[in-house]
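Reader: I've got this model open on my screen and would like a close look at one part, the interior. Could you walk me through what is packed in there?

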Amino acid sequence: MSVSPDSIQVAWLPLSEDPALLASVLAQAGPWGVRAVHLSHALCHDADDLLEDAGRAERMAEFVRRCRAAGLRVWCWTHEICRPPADCLQAGQLDFDAPALWQHLAAKYQRFLTAVLPDLEGLVLTCAETDFLVYHDRDLRSGSTRPARTTRLARALHDCCRRHGCRLALRDFVYRRTEVSDMAQAIGDCPPDLIVMTKSVPHDWHPFYPSNPLLGAVGGREQWMELDLGHEYEGQHLYPYAEVEANLVRLRDGYARGVRTFAVRLDRAVEFRGVSALHCPWGRLELLTLRRFAEDPGVAAETIWGEWERTQFPGARRAVELATRAVQTLLFPQRFWYADHSRLPTWEYAATHLVDGNADRLPIWTGRAEDAAAEAEFRGMSATWRQVLQAEAREGLALARECVRLIRGAPHAAPELDAWRQAADSLEAWSELFALHREAFFAIEVLRWHSAPAGAAAAESAVDELERACVRWAPRLAHQRLENERATAHFPRVIASLRTAAAARCSGVPVAPSL
């Protein structure tokens, strides 16, 4: 099918290898105007997943054949450098310049593109979240600079793809602003027909992060924008969440910077639970946003809301807006990172993601003085700041409760009422749990700066109250899964970590979060 060079293309990313989800993708991609599908995450994280698992490789090959029969182009993800030959390692360090490494990669992708998945449109290469990071100096020896190493790796896979009649997209996912600069330099030295795949935001999914600085900064190369409609950090569709207006802003920003292909995640890479953007009303609202944008980049948010509202109960829009604000308020204190992939965080996780940790955080990405001031407040935990956080949690809890009341008052004949009621039950539980978790965590953090017997007692009491709530809500949440386990299975670890941190704070023993 020929398309206009300026037309907008949409690709879907189902992250879970589940027959029901993949069948839904095949059945619904055409009606939704989707042109391509990516194999990523649980389908294929790196080429070795399929090279070393014949059963999985055959399942993916069959899915590719069915996609092609449906008129869908298929791209497959891989991460490098992954599982290099033993003779390229010395004392745990990778010899990046070893000829054997490059011979290994050429042979690996020769086999992958001919014997495993011969019908691909191309590969999508990520240099992060793998065994050896070419853009880091850690665990790696080389005479080349960091950007030069990324360029060499991209060129090597680009050459493999070209020999087999397909293309390479380089996914520029990194964690820090300095790494973004290195990536931009690396891309500038790559072949001009290399595609660049860029998240809508820097680093990872966060509703308050700005546009990714690499958008429109890839030397005129074809660029795709990646978005997360599976909401890895905002509830994973266990309760209503949708950002119609914010998504339109990001889509238009990408379009203005030259992006014409938008690749969207549909779910989270866990055992499929019937939960994805395709399988809930608020998820389909966001898919509708993308579809109408692809047809008309100037489409108004009110037009999209109006079309969707006609398929839902009166008040559905208000319910989604309330829930979305509640989630952004409770799971992102003062806009900062807090929740662990939509779960209650352990003390270690919250302490290393709110500020510091293994990635640049909000103030560095936004450059806003207000965010820098908030970060300073988190590092000092004054009584006034504590009150600000408590008021914010009360606001979030009130928003969630209003949403729950609205959904439970929907007419009995309302469309998809069971899905809405399950979501209301879920939001009721999780909103209270996050509010109580924040009370416990920040009470413990106060002790770091203001040691006092009353503060210690308050922290212990807050943890006790959270534990009681975990027990009370566990039966309602027992069927839910987050991060490949029962959501409630994580509760004891959270409580234990908070108690350990509280005890250490009270005794004056320093607690070092593990990064």
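Author: Here is a walk through the interior, starting with one helix and moving out to the strands, the cores and a few odd spots.

First, some ground rules: this is a predicted model, so local features need pLDDT of at least 70, side-chain atom pairs count only at pLDDT 80 or more, and totals for chains, interfaces and linings use all residues. Residues are numbered from 1 along each chain as its sequence is written, and side-chain values use heavy atoms, with hydrogens and water left out.

Let's begin with helix H10, residues 316–330. Helices (H or I, at least four residues) and strands (E, at least two) are DSSP runs, numbered from the N terminus. The expected span of a helix is 1.5 Å times one less than its number of residues. For the 15 residues of H10 that gives 21 Å, and the end C-alpha atoms are indeed 21 Å apart.

H10 is largely enclosed by the rest of the structure, because 12 of its 15 residues are buried. Buried means under 20% relative accessible area, exposed over 50%, and partly exposed in between, with a 1.4 Å probe and protein chains only. Among the buried ones are Ala316, Arg317, Gln328 and Leu330. What do they pack against? The buried residues of H10 have as packing partners helices H7 (244–256), H8 (281–295), H9 (301–309), H14 (383–408) and H15 (417–449).

H14 is worth a stop, since arginine 386 sits in it. With 11% relative accessibility, arginine 386 counts as buried. Contact here means heavy atoms within 4.5 Å. Setting aside neighbours within four places in sequence, arginine 386 contacts Glu439, Phe442, Ala443 and Val446. Phe442 turns up again in an aromatic cluster, together with Phe336, Tyr338, Phe378, Trp385 and Phe441. Rings of Phe, Tyr and Trp (its six-membered ring) pair if their centres lie within 6.5 Å; planes under 30 degrees apart count as stacked, over 60 as edge-to-face and the rest as tilted. By that rule there are 21 aromatic pairs.

Now for the nonpolar packing. A nonpolar core is a set of buried Ala, Val, Leu, Ile, Met, Phe, Trp, Tyr and Cys residues joined through side-chain atoms within 4.5 Å. The largest one has 174 residues, and those with the most contacts inside it are Trp12, Leu39, Phe112, Leu117, Trp430 and Leu433. H15 gives the largest share of this core, 18 residues. Tryptophan 430 touches, among others, Leu238, Tyr239, Leu344 and Phe491, not counting residues up to four places away in sequence. A second, separate core of 13 residues includes Leu13, Met197, Trp224 and Ala269.

Next come the strands, which pair if DSSP finds at least two bridges between them. Strand S10 (residues 223–228) is largely enclosed by the rest of the structure, because six of its six residues are buried. Gln223, Met225 and Leu227 point one way from S10, while Trp224, Glu226 and Asp228 point the other way. Four bridges join S10 to strand S9 (residues 195–199), in parallel, with valine 196 opposite glutamine 223. Five bridges link S10 to strand S11 (residues 261–265), again in parallel, and there aspartate 228 faces arginine 265.

Finally, two backbone oddities. Histidine 237, in the loop between S10 and H7, has a positive phi of about 70 degrees although it is not a glycine. Histidine 237 is buried too, at 6% relative accessible area. Glutamate 483 also has a positive phi, near 55 degrees. Its place is the loop between strand S12 (481–482) and strand S13 (485–486), and at 19% relative accessibility glutamate 483 counts as buried.
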